[in-house]
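Subject: A structure for you to look at

Hi there,

Here is the structure I promised to pass on to you. Please open it and have a look around before you read my notes.

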Amino acid sequence: MAGVLDSVNQRTQLVGQNRLELLLFRLRGQQLYGINVFKVKEVLQCPPLNEIPGRSSVVRGVAHIRGGTIPILDMNLAIGRKPLDNLAECFVIITEYNRTQQGFLVSGVERIVNMNWSDIHPPPTGAGKDHYLTAVTEVEDKLVEIVDVEKILAEVAPANEQISAGVVADGIGERVVQKHVLIVDDSNIARKQIQRVVESMGIRTTLKKDGREAMEYLLGMLEQGLNPLEELIMIISDIEMPEMDGYTFTAELRANSSLNKMFVVLHTSLSGVFNAAMVKKVGADDFLAKFHPDELAKRVNDRVLSISGEDLLGESE
């Protein structure tokens with residue numbers, strides 16, 4: 001366990017190489033689950049929890065950690081199963097998603113494994129629509145299920161998807177009626193959130209679940225004689241995705257002479273200076289931390305105005 005705890009913060013060199021490291025954990029039983037180490041800030045024995053009134057049933061309580069108060073979510077409850085018991089013997093994985101910190105209660109933490117995103121695959125098609133997985137993989141012939149944490153958080157504390165007045169120019173969608181936005185994200189919840197914001201602006205969208213699928217879509221357009229630069233307003237892509245991550249996807253776009261001028265915004269629950277540096281390294285046009293509808297709408301709005309030959313909102317007055 002000490003090795004796991006000591007190594008959580010030493011993994012940043014893998015991003016940009018289509019690689020990741022998974023922290024493996026268990027809930028009830030022997031099934032292995034995984035979470036990207038980049039989301040993990042700390043792993044610790046479950047501390048004393050204080051109940052809070054009106055809390056979601058998934059939130060077992062709050063813990064005072066490093067001078068702050070962090071909600072602790074029961075991962076097993078969150079995916080529709082029985083609550084974990086013997087809390088004193090459980091562990092808490094402290095994570096940072098979408099600019100907030102939260103802890104996930106698990107029964108045990110195993111180890112960290114180094115993986116290639118090409119070995120991470122979408123959930124089986126027979127898993128249905130209500131599963132809590134973004135991907136699956138194998139470690140030493142054992143199935144590892146990667147949990148859709150964004151789906152869990154959206155159910156516990158639904159995000160505001162309304163765009164504030166004044167953020168979007170009037171009639172913005174009418175300027176690009178023949179164009180659309182390509183949204184790339186492995187989380188169904190995240191794809192739908194972005195889609196609803198963009199379509200509320202009157203702009204069409206196309207959805208793809210990972211970088212490889214998006215690249216195949218763009219190459220398919222070229223084969224049909226279509227120019228993606230003329231068809232698409234922009235690409236909004238997650239970073240962490242099975243098959244091909246957002247950094248690798250962007251780098252491949254920049255290496256393709258027919259696609260290297262695509263406007264790419266990396267939109268991710270990862271945050272920090274490190275990601276800003278990686279955006280510059282792979283050649284993305286912008287970086288946006290999830291999920292803030294006004295900020296997302298402003299990026300789309302400004303891009304539409306720039307390609308339609310207009311000044312940015314507020315600068316033409």
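Below is what turned up, starting with the whole chain and then moving to some details.

Please keep in mind that this is a predicted model. The chain has 317 residues, and 51% of them count as buried. Its secondary structure comes to nine helices and 15 strands. If you take the contacts between residues at least 6 apart in sequence, 64% of them join residues at least 24 apart. About 14,500 Å² of the chain is exposed, with carbon and sulfur atoms supplying 46% of that area.

Next, the empty space inside. Rolling a probe the size of a water molecule over the atoms shows where empty space is left. Here the count is two cavities of 30 Å³ or more, and the largest has a volume of about 210 Å³. Which residues lie nearest the centre of the largest cavity? They are Lys39, Thr134, Ile146, Asp186 and Glu240, out of 20 residues that line it. By type, the lining divides into ten nonpolar, four polar and six charged residues. Several elements supply at least two lining residues each: strands E1 (19-26), E2 (32-36), E9 (133-139) and E10 (142-147), along with helix H3 (149-156). E2 gives the most, with three residues.

Now for the cysteines. How many disulfides does the structure hold? The count is zero. Take Cys46 as an example: its sulfur is 6.4 Å from the closest cysteine sulfur, that of Cys90, and because a disulfide needs the two sulfurs within 2.5 Å, this is too far for a bond. Looking from the other side, Cys90 is in no disulfide either, and its nearest cysteine sulfur is that of Cys46. Cys46 counts as buried, at 11% relative accessibility, and Cys90 also counts as buried, at 4%.

One last residue to find on your screen is Val92, in strand E6 (residues 91-97). Is Val92 buried or exposed? It counts as buried, because its relative accessibility is 0%. Leaving aside neighbours within four places in sequence, Val92 is in contact with Glu42, Val43, Leu44, Cys46, Pro47, Ile72, Gly103, Phe104 and Leu105. You will recognise Cys46 in that list from the cysteine pair above. You can also look for Leu73, which is 19 residues from Val92 along the chain; the C-alpha atoms of the two are separated by 8.9 Å.

Enjoy exploring!

Best wishes

Terms used:
Residues numbered from 1 in each chain as written. Predicted model: local features only at pLDDT ≥ 70, side-chain atom pairs only at ≥ 80, totals over all residues. Heavy atoms only, no water. 1 Å grid on protein atoms, 1.4 Å probe; cavity = no way out; pocket = protein on both sides within 12 Å on 5 of 7 lines; lining within 4 Å. Points joined across faces, edges and corners; volume = space filled by probe spheres on them. Helix = DSSP H or I, 4+ residues; strand = E, 2+ residues; numbered from the N terminus. Nonpolar A, V, L, I, M, F, W, Y, C, P; charged D, E, K, R; others polar. Buried < 20%, exposed > 50% of the residue type's maximum accessible area, 1.4 Å probe, protein only. Contact = heavy atoms within 4.5 Å. Areas by Shrake-Rupley, 256 points an atom, 1.4 Å probe, with all protein chains shown as cover.
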